[in-house]
Amino acid sequence: MNLLPAHLALLWTGLILVAASAPAAVVTANFTSPTTIPVTAASYTATGNTVDITLGFAPPVGTNLTVVNNTGLAFIQGTFDKLQQGQSVSLTYAGTTYPFVANYFGGTGNDLVLQWANIHLVAWGYNAEGQLGNNGMSNSSVAVPVDMTGVLAGKSVIAITAGYSHNLALSSDGSLASWGDNGYGQLGNNSTATQSNVPVLVDTSGVLGGKSVIALAASHSHSLALCSDGTMASWGFNSYGQLGINSTTMQSNVPVLVYQKGALAGKSVIAIAAGEDHSLALCADGTLAAWGDNGYGQLGNNSTTQSNAPVLVNQTGVLAGKTVVAIAAGNAHSLALCADGTLAAWGDHRYGHLGDKGTTQR
């Protein structure tokens, strides 16, 4: 199987030089089990190539199939011919057809995964703000179905995230839904009038117009969305600068673009995380940025001063020479997972959050 990019060959035909491109690569993806992975690469360009997908087993309900396991940090470049982001893919085995949707940002966030299409959401726990999304406000100690008869009707959800008392869902058609508390506009539906006990659509007519959202993060009262072009949008509470818009305007009821100058100038973000009042971003070049509240040093920039715009996390100490592959954020602390399997942490340490046997903030 040839996965090399197409190249040009020069052919002499009479008195005319003709540039002829080599045939596009065809990836054969014959899934004989859930663990079949046709392509594993540190980087991959799908543009100009095609993929031939066949199913050789009966997949259990909820099975996801990885077509390209991208072990590098950057996203897959482009899409295969006739296989777009969010496209429905029907695969048949032994007379039964199984529905999937293509997600070029699945797996660890940059893998091409065929995700099971018939996903139903369930939730449980506290529900005073409607965060279970079941059109009620009663707490539940068992899983209850999220209402999918409204804005989620007929949609394939490919990603979800839970905040303190609100939730977000991304569908394969690129639409965003939210439900729960909305006191600071964290639902992003251009309202703070009331909470929502069922999913409502996030307003994507503004800064998200024409963009493809690929990942979500939610925290106490703000929300984040990562787009395929490496930019970010945020909405909700902003008194600590956690929206990253270079101001402390109290809140935004609709998505606004995170400031792409300064620490993020010329960079492409590939992963996001949201703490209570701070946010984190991992860039394709391996650098980390953070913004918002910094009272416990959770921004990791060797200060305790909040920042209304992204600043670089200090990577000269324990992170020197390491490749960060994933990030997470807690109430007032931050975490980074490195490619060598080690973990780094910084910020609030009153209850041993940082895991270094001490209780001194970093």
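Asn246 is partly exposed, because its relative accessibility is 44%. The scale is this: buried means under 20% relative accessible area, exposed over 50%, partly exposed in between, with a 1.4 Å probe and protein chains only. Asn246 sits in the loop between β18 (232-237) and β19 (251-257). Helices (H or I, at least four residues) and strands (E, at least two) are DSSP runs, numbered from the N terminus. Phi of Asn246 is positive, near 65°, and the residue is not a glycine.

A word on the source. This is a predicted model, where local features need pLDDT of at least 70, side-chain atom pairs count only at pLDDT 80 or more, and totals for chains, interfaces and linings use all residues. Residues are numbered from 1 along each chain as its sequence is written, and side-chain values use heavy atoms, with hydrogens and water left out.

Next, Ala94. Here too phi is positive, about 50°, in a residue that is not a glycine. Ala94 lies in the loop between β7 (88-93) and β8 (96-106). Is Ala94 buried or exposed? Exposed, at 71% relative accessibility.

That loop takes us to a sheet. Five strands make an open sheet, in the order β4-β6-β9-β8-β7, with mixed pairing. Two strands count as paired if DSSP finds at least two bridges between them. The edges are β4 (39-41) and β7; each has a single partner strand, so one side of each has no neighbour in the sheet. From one strand to the next, the twist averages 30°. For such angles, axes are lines fitted to C-alpha atoms, for helices over the stretch in contact, and values run from 0 to 180 degrees between N-to-C directions. Inside the sheet, β8 and β9 (residues 111-116) run antiparallel and are joined by five bridges. One pair to find on screen: Asn103 has Val113 in β9 as its bridge partner.

Now the other sheet. Three strands form an open sheet, β24-β25-β26, and the pairing is antiparallel. β24 and β26 (343-347) are at the edges, each with a single partner strand, so one side of each is left free of a neighbour in the sheet. The twist averages 20° from one strand to the next. Five bridges link β24 to β25 (residues 333-338). Look at Ala328: its bridge partner in β25 is Leu335.

β24 also helps line a pocket. The second largest pocket holds about 410 Å³ of space. Its lining has 20 residues, and the closest to the centre are Thr108, Gly109, Ile270, Ala271 and Val325. Which elements give two or more residues to that lining? They are β6 (65-70), β16 (213-218), β20 (269-274) and β24 (324-329). By type, the lining has 13 nonpolar residues, seven polar and no charged. Nonpolar covers Ala, Val, Leu, Ile, Met, Phe, Trp, Tyr, Cys and Pro; charged covers Asp, Glu, Lys and Arg; the others, Gly among them, are polar.

Last, the cysteines. How many disulfides does a search of the whole structure find? Zero. A disulfide here is a pair of cysteine sulfur atoms within 2.5 Å. For Cys283, the nearest cysteine sulfur is that of Cys227, 14 Å away. Cys283 is buried, at 1% relative accessible area. For Cys338, the closest cysteine sulfur is in Cys283, at 15 Å, too far for a bond. Cys338 is buried as well, at 4% relative accessibility.

Conventions. 1 Å grid on protein atoms, 1.4 Å probe; cavity = no way out; pocket = protein on both sides within 12 Å on 5 of 7 lines; lining within 4 Å. Points joined across faces, edges and corners; volume = space filled by probe spheres on them.
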